[in-house]
Amino acid sequence: MVGTAWPPATHVVVWPVVFLAVAALVGEVKPLPITRDDEPVETMSTSGPFVLALVAVGGVGIAVLIQALASLTDDLLHRRSVTKSAFNTAQYTLSVLAARMVFSWLTGIPFFAGPLTVELQHLGPLLAAGVAMVLVNRLLVAVVVAIVTSQSVWTTVRDDARFVTATHVVLLCIGAVAAIVAGDGVAVLFLLIPPVIAVYLTAAAAVRHAHQASHDPLTGLGNRDRLSRGLDSLHAVAQRTHAGGPGLVLIDLDHFKDINDTLGHPVGDLLLQQVAERLSTALDDEDLVHRLGGDEFAVIVDGDLVETQLVAHALLASLEAPMRIGELELLVRASAGVACAPHHGADTETLMKNADIALYQAKLERDRISTYSALFDVNTVERLQLLADLRAALDTGQLGVAFQPQVDLATRQTVGVEALIRWEHPTRGPVAPDDFIPLAENSGLIAELTAYVLDTALRALAGWREEGHDLRMAVNLSARHLSDLALPRQVHDALTRHHIPPGALVLEVTETGILADPARVDVVIAALRRLGVAIAVDDYGTGHASLSYLKRLEVDELKVDRSFVSDMGRDHHDFIIVRSTIALARDLGLRVIAEGIEDEGTALTLRGLGCGVGQGYHLGRPTTPELIQVRMDDERRVTTTPGSP
């Protein structure tokens, strides 16, 4: 460049050169954002068109000087390393030299010739020079990217061209026009400002649209499409490098519907935003966290199965502390499903399907975190079909309610009944509650099932009361439904609808249900007790839990589990457990009911121990409302007949 002809300043088009130089500096420090696959992933300098104009208007020396100055200024502003700054300056210098070489070759103008008034015949060679400048620049960058990502240079160049070609064409045209009109003075060059601004605005709009297309509007996290692209990319890298991974963690919040139904969707939205923040903070990288919709989140792990499992534990741990929303303090629990390539899926679709199966298993088994196993697939299709059939059963009347008598062991009079749901499947026949209740709990159908049983039971109770029979009605609550903050209102409405006094209803809960979510269960049970509804602990003794909840919750009734009652005549340990439970209940002032009474000897033994009420096949099998009516009518006739005991 030392051979470049430098005429006196009076012969140089000074102000157009100054304008182009300033424009090149601004274009370098204010680059355009570029999107790829709906993602803003890089920026593009807009100094190129003005440097291209300088290649012809000012000569190769001025063009190289301005481009180097612009590059160094940008590197200083962004505090880039000396090595990276040197590379940037070198690649831009080579690009400008390549452009001048092509321009000189096509026009016959000497390489080191000084400033030039660009004519229309120079337009073609100048555009060709611009193409050469862009190609050299992008090729040098592609070589570095290919080395870092282990891709071929051709793949990198091809992918790069897909996203930046159109923008480069527009910018090069602006540069060519700038070179031609520079001879008419700086005032004409100002007319190029609106097109450049339009390019910036278009790029900014593209970035906004790309973000909207790939991110969840509520939390700002990536959406399902972005998750798929991220997994696809990591799958490709893993296949090239023969490494394990990627891993995937699916997270689903427990009882989120309860919060929306009870506290409203605005509170639910704020809670989801806090969950998103907790998950992002736990990973220190929000780009790995995605919201798939509703209360389901997904996290990509660039690692093997062990790393993925560790991440799953860290994510759930991040949700353990209460979340404050206004004056509310909410406890959030979640379940997680884990899957990791290549063992759990060699492609994105399979990996996501298997992580979803693992999540379903975690919620079904209440393990909180479950890693995919092929064993989970055995019953998955059958369960999904059974769940679909259960939804249909709610609408087609296949479900029914049977009633089992609860009998005073001293008088042998029926003092209560327990409502038990039954399902007569049109092709399977009877389906056991243990087979479909867990499905209902994990699919959100449990609220509808409980509402159906409660309504049916109270309707039957209202009919018996009209006939003069004063009974207690026991209805089971699942562990999942016991944490439903909307339950007290549901119970109140059902009692009001059927004109049943609250004291006639007993809601049975299990020890495991009480301990599943203690903070929320306390709130629900306290609200039910304020209504006047009685609370019974069902299957007492099987929960392996502390007795502290009996004091905390102030329950009304204990039901001794059938597993102890049925063998108490043969197993001395069971006898001691039953005897101790009855004594505990009496000391606490609680009613006690023994389940599973299968013979008269057991009934008499329980009566002798002080148990007031019993339930079991010996005392009465589950039956229809009509037969319960007949039973109570018969009992009333016997007690009113002269000479009856």
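Helices H22 and H23 are oblique to each other, and their meeting is a good place to start in this predicted model. From there, this briefing turns to helix H3 and its partners, where H1 and H3 run roughly parallel to each other. A short stop at Arg383, in helix H14, rounds things off.

**Where H22 meets H23**

- The axes of H22 (residues 572-587) and H23 (residues 600-609) come within 10 Å, crossing at roughly 40 degrees; angles under 35 degrees would count as roughly parallel, so this pair is classed as oblique.
- The crossing of H22 past H23 is right-handed.
- On the H22 side, Phe575, Val578, Arg579, Ile582 and Arg586 make the contact, and on the H23 side Thr605, Leu606 and Leu609 do.
- Sorted by class, the residues of this contact are 5 nonpolar, 1 polar and 2 charged.

**Helix H3 and its surroundings**

- Helix H3 covers residues 60-77, and its 18 residues should span 26 Å at 1.5 Å a residue; the end C-alpha atoms are 26 Å apart, so the expectation and the model agree.
- The buried residues of H3 are Val60, Gly61, Ile62, Ala63, Val64, Ile66, Gln67, Ala68, Ala70, Ser71, Asp74 and Asp75.
- Among the elements covering those buried residues are helix H1 (14-29), helix H2 (48-57) and helix H4 (82-107).
- Just past the end of H3, Arg79 adopts a positive phi of about 55 degrees.

**H1 against H3**

- H1 and H3 pack with their axes 9 Å apart, at an angle of about 30 degrees; the cut-off for roughly parallel is under 35 degrees, so the pair falls in that class.
- Here, too, is a right-handed crossing, this time of H1 and H3.
- From H1, the residues Val17, Ala21, Ala24, Leu25, Glu28 and Val29 meet Ile62, Ile66, Gln67, Leu69, Ala70, Ser71, Thr73, Asp74 and Leu77 of H3.
- The contact of H1 with H3 has 10 nonpolar, 3 polar and 2 charged residues.

**A closer look at Gln67**

- Gln67 sits in helix H3 and has 3% relative accessibility, so it counts as buried.
- Setting aside neighbours within four places in sequence, Gln67 is in contact with Glu28, Ser47, Val51, Tyr92 and Val96.

**Arg383 in H14**

- Arg383 belongs to helix H14 (residues 380-396) and is partly exposed, because its relative accessible area is 22% and buried means under 20%.
- In sequence, Arg383 and Phe436 are 53 residues apart, while in space their C-alpha atoms are 8.8 Å apart.

Methods
Residues are numbered from 1 along each chain as its sequence is written. This is a predicted model: local features need pLDDT of at least 70, side-chain atom pairs count only at pLDDT 80 or more; totals for chains, interfaces and linings use all residues. Side-chain values use heavy atoms; hydrogens and water are left out. Helices (H or I, at least four residues) and strands (E, at least two) are DSSP runs, numbered from the N terminus. The expected span of a helix is 1.5 Å times one less than its number of residues. Buried means under 20% relative accessible area, exposed over 50%, partly exposed in between (1.4 Å probe, protein chains only). Contact means heavy atoms within 4.5 Å. Axes are lines fitted to C-alpha atoms, for helices over the stretch in contact, and angles run from 0 to 180 degrees between N-to-C directions. Angles under 35 degrees count as roughly parallel, over 145 as roughly antiparallel, 65 to 115 as roughly perpendicular and the rest as oblique. A crossing is left-handed if the near helix is turned anticlockwise from the far one by less than a right angle, and right-handed if clockwise. Ala, Val, Leu, Ile, Met, Phe, Trp, Tyr, Cys and Pro count as nonpolar, Asp, Glu, Lys and Arg as charged, and the others, Gly among them, as polar.
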